[in-house]
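Student: Hey, can you walk me through this one? I'd like to get my bearings before going back to the bench.

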Protein chains: 2
Amino acid sequence: MYNYPIKRAPYQAKKISNSNRGMAFEDMINSSNEQYLSRDIAVIYKKPTPVQIVDVDYPKRSMAKITEAYYKTPSTTDYNGLYKGFYIDFDAKQCNSTTSFPLSNVHEHQIRHLERVMKHGGIGFLLVYFNKLNEIYLIDSNQILEYHNNSKNGGRKSISIEDFRSNCILIKESFPIRVPYLNAVDILIDKLKK
Amino acid sequence: MYNYPIKRAPYQAKKISNSNRGMAFEDMINSSNEQYLSRDIAVIYKKPTPVQIVDVDYPKRSMAKITEAYYKTPSTTDYNGLYKGFYIDFDAKQCNSTTSFPLSNVHEHQIRHLERVMKHGGIGFLLVYFNKLNEIYLIDSNQILEYHNNSKNGGRKSISIEDFRSNCILIKESFPIRVPYLNAVDILIDKLKK
């Protein structure tokens, strides 16, 4: 018989909002997508980072070792997939500011891509994470395009947190699906059906 | 005034079927997707090859040079995108045989992926190029699953060219869209609507 010292920390409900502070937004989305996939809710993946491979070594017959490569600029957004028969396409953006999201974070080719997605009947959006406020919003392609065009015509170069709060869909962090953004997509789908 | 020697090869209609012999099937598909994109017909991309990056060097402040990386096995198919509001998902397979397509060319995870795509209302398929016969077929997820399950139960481990010829959709090479596979997808969409 062994006498184990019984010394337990008092039980504490884990504050989800804090537990994610150190976790990159991308990891939170990836983990949510894994949950969605394993629960058979949606089929959404992050695209691999595009890499230009210059040189490959074969230290063993069966193994290829890439010895020189460079990052390429992606031509689209990072995430796409399928949910309830809809083509889903989005990018995840982390924002350090507490007051606004700079439009310069969205590249021109991403704007063009989201425009095309919208035109061909897909659902495109950005997920914006204000990490210091711990607030996540879904902003749809239509809205982004409007802000983008407005800024090209001399308007604001950023979207204020007030605008997010009053015009975009708030996504509450949760568990085990950390960023349950498909709840927000359901709202977009309802709008599309009307 | 200059006198240019006039020496022209007699005009010959380029035989498209031969001109592609040296071109990898993947390049033919990529070039078709570029055409579809620039003509605003569809938004379909090849996913970047997934690479596990181990070491990165910074020879200049602004430049990252990847010095050690390895190829990873993709968890899905190579191509996906959006066409006429439908989520499109497929893989391109080149086949050297003139008699049959070995099912071992389709990995188990690709089968599972195509099954999910089908279940969630997307359009999934394989494009199979018999390069020695110069014949391209679209075989849809349903058909692949049937052959796959059949082979698991002791059936044939390959799909005969006769089966492709009688049950799959032939895609005729063309120009400037080398592999106009969306014509075949239109047939699948018509079936879905019925």
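Tutor: Let's go through it piece by piece, by question and answer.

Student: Sure, what kind of model is this?

Tutor: This is a predicted model, where local features need pLDDT of at least 70, side-chain atom pairs count only at pLDDT 80 or more, and totals for chains, interfaces and linings use all residues. Residues are numbered from 1 along each chain as its sequence is written, while chains are lettered from A and ligands numbered from 1 in the order in which they are written.

Student: How many helices and strands are there in chain A?

Tutor: Chain A has six helices and 10 strands. Both are DSSP runs numbered from the N terminus: helices are H or I with at least four residues, strands are E with at least two.

Student: And how much of chain A counts as buried?

Tutor: Of its 194 residues, 33% are buried. Buried means 20 or more other C-beta atoms within 10 Å of the residue's own, exposed means 12 or fewer, and partly exposed is in between, with C-beta atoms placed from the backbone.

Student: What's the strand order in the open sheet of chain A?

Tutor: The order is E1-E4-E5-E7-E8-E10, six strands with mixed pairing. Two strands pair if DSSP finds at least two bridges between them. The edges are E1 (43-46) and E10 (169-171) of chain A, each pairing on one side only. On average, neighbouring strands are turned by 25° against each other, direction ignored. For angles, axes are lines fitted to C-alpha atoms, for helices over the stretch in contact, and the values run from 0 to 180 degrees between N-to-C directions.

Student: Which helix packs on that sheet?

Tutor: Helix H2 (residues 25-38) of chain A does, touching E1, E4, E5 and E7 (123-130) of chain A, and its direction makes about 150° with that of E1(A). A contact here is two residues whose C-beta atoms, placed from the backbone, lie within 7 Å. Helix H4 (residues 141-152) of chain A lies across E7 and E8 (135-140) of chain A, at about 85° to E8(A).

Student: Zooming in, how do E4 and E5 of chain A pair?

Tutor: They're antiparallel, with five bridges. Tyr79(A) sits opposite Phe90(A) in E5(A).

Student: Switching topic: how many residues does each chain put into the contact?

Tutor: Chain B gives 28 residues and chain A gives 28 residues. On the chain B side, E3(B) contributes the most, with eight residues. That side divides into 15 nonpolar, eight polar and five charged residues. Nonpolar covers Ala, Val, Leu, Ile, Met, Phe, Trp, Tyr, Cys and Pro, charged is Asp, Glu, Lys and Arg, and the others, Gly among them, are polar.

Student: What joins E3 of chain A to E3(B)?

Tutor: Four bridges, and the two strands run antiparallel. Lys65(A), for one, has Tyr70(B) as its bridge partner.

Student: How are the two copies related?

Tutor: Chain B superposes on chain A by a rotation of 180° with 0.0 Å of shift along its axis (RMSD 0.0 Å). The copies are therefore related as by a two-fold rotation axis. Superposition is by least squares on the C-alpha atoms of residues with pLDDT of at least 70 in both.

Student: What does E3(B) form with E2(B)?

Tutor: A hairpin, with two residues between the strands. Seven bridges join them, antiparallel, and Val56(B) is partnered with Ile66(B). E2(B) (residues 51-60) is hardly covered, with zero buried residues among its 10.
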